[in-house]
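Hello,

Here is the structure I promised to pass on to you. Have a look at it first, and then read on for what turned up in it.

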Amino acid sequence: MAPHPAVQAAIDLTAGAVGGTACVFSGQPLDTAKVKMQTFPKLYRGFLDCFASTYRQVGWRGLYQGTTPALVANIAENSVLFMSYGFCQEVVRLLAGTSSGEALSDVQKACAGSVASIFSSLVLCPTELVKCRLQAMHEMAASGKITVTQNSVWSVVRSIWTLEGPQGFFRGLTTTVAREVPGYFCFFGAYEMSRSAFADHFRCAKEDIGVAPIVFSGGFGGACLWLVVYPMDCIKSRIQVMSMTGRQQAGFFRTFTGVLRTEGVRALYSGLTPTMLRTFPANGALFLGYEASRKLMMERFDH
């Protein structure tokens, strides 16, 4: 028996939270390296130099800087994302004229995921702003761009609230939405197509393909997402981190053209290596956590 829509939403939300938690713990050090390299592309020779320098200067704590807001960000984002994903699939069914519960095509699921990402952006932007600022705090202070460092989540939150007000937490929202909408079309599309390919190969249902294919499909979806949206993510990180100087920060297009003009195209892809290394374990863990916990909860309603 299919659960009530409210119960279904709660299941999707909980499963998204489980997946988000798994995603953070499996990929946070590589995410920290990504943000540092995006914000200060000329400071490090490469990914390994960034990783080693951070460890030398601050230790393991430096590589896990911003874990708390990252955890909040991922739990909030993926809870809302997967709950909205369920709702958006029903909207796609309605628009396509198919009955409720009927299987959607991989492209239709990609469209549902793309629209769902708009809602998740609203909760992701404030938490990711705090995370990015914490991750790049050491470099901002060392380069003289800020004089006082905040080394805790609450000190960063208090600083944003005091200096910029509530709207300060949504710095970079336009860029976040511009990144998420095409990114999650690729994310869910690649994930579902990969699962379909495994299901055809093993001649079984997509839900029964096993752990390794789910992890690979999640990683493949993540890799497709980042290859498409990485330059936009780079600009988002710049806007969110540099805005802590207190000066008026340029918007997306001015920042984008400024980076292209002064630093070249290569700067837009600074930090791509740790991102691609992170995407398979992190997004594999995300979907494994989501699918396993969702399947477990759904089975409770099938008996």
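A good place to start is arginine 203, which sits in the loop between H8 and helix H9 (211-242). Its phi angle is near 55°, a positive value in a residue other than glycine. Arginine 203 counts as exposed because its relative accessibility is 79%.

Before going further, please keep in mind that this is a predicted model. The chain has a mean pLDDT of 87, with 96% of its residues at 70 or more. Confidence is highest in helix H8 (residues 173-202), at 94, and lowest in helix H3 (residues 60-63), at a mean of 77.

Now back to the loop after H8, where another residue deserves a look. Lysine 206 meets aspartate 106 in a salt bridge between their side chains (3.2 Å, N to O). This pair links distant parts of the chain: aspartate 106 belongs to helix H5 (residues 106-135), lysine 206 to the loop between H8 and H9, and they are 100 residues apart. Which residue makes polar contacts with the side chains of both partners? It is serine 196, whose side chain contacts that of aspartate 106 at 3.0 Å and that of lysine 206 at 3.3 Å. Serine 196 lies in helix H8. Are these residues buried or exposed? Serine 196 is buried, at 17% relative accessible area; aspartate 106 is buried too, at 18%, and lysine 206 is buried at 17%.

The search of the whole structure gives 19 salt bridges, and two further pairs are worth visiting. One of them joins glutamate 164 and arginine 133, with the closest N and O atoms 3.2 Å apart. Here again distant parts of the chain are linked, with glutamate 164 in helix H7 (residues 153-164) and arginine 133 in helix H5, 31 residues apart. Glutamate 164 is buried, with a relative accessible area of 15%, and arginine 133 is buried at 4%.

The other pair is glutamate 90 with arginine 93, whose side chains meet in a salt bridge (2.8 Å, N to O). These two are separated by about one helical turn because they are 3 residues apart in helix H4 (residues 67-96). Glutamate 90 is partly exposed, at 35% relative accessible area, whereas arginine 93 counts as buried, at 10%.

There is also a network of salt bridges, which links Asp31, Lys34, Glu128, Lys131, Arg179, Glu180, Asp233 and Lys236.

For a contrast with all these charges, turn to the surface. Tyr55, Trp60 and Tyr64 form a nonpolar patch there, with about 350 Å² of accessible area together. Tryptophan 60 is found in helix H3 and counts as exposed, at 51% relative accessibility. Do remember that helix H3 is where confidence in the chain is lowest.

Finally, some notes from the record. An unreviewed UniProt entry lists residues 7-91, 104-197 and 209-296 under "repeat: Solcar". In the model, residues 7-91 are 87% helix and 0% strand, with the end C-alpha atoms 18 Å apart. The unreviewed entry also lists residues 210-230 as "transmembrane region". That span is 95% helix and 0% strand, and its end C-alpha atoms lie 30 Å apart.

I hope this helps you find your way around.

Best wishes

Key: Residues numbered from 1 in each chain as written. Predicted model: local features only at pLDDT ≥ 70, side-chain atom pairs only at ≥ 80, totals over all residues. Heavy atoms only, no water. UniProt positions renumbered as here; feature names shortened; annotations may be inferred. Helix = DSSP H or I, 4+ residues; strand = E, 2+ residues; numbered from the N terminus. pLDDT = per-residue confidence, 0-100. Patch = residues over 30% accessible without salt bridge, like charges linked within 9 Å, V, L, I, M, F, W, Y side chains within 5 Å. Areas by Shrake-Rupley, 256 points an atom, 1.4 Å probe, with all protein chains shown as cover. Salt bridge = Lys/Arg side-chain N within 4 Å of Asp/Glu carboxyl O. Buried < 20%, exposed > 50% of the residue type's maximum accessible area, 1.4 Å probe, protein only. Polar contact = N/O pair within 3.5 Å; in protein donor to acceptor, adjacent residues only side chain to side chain.
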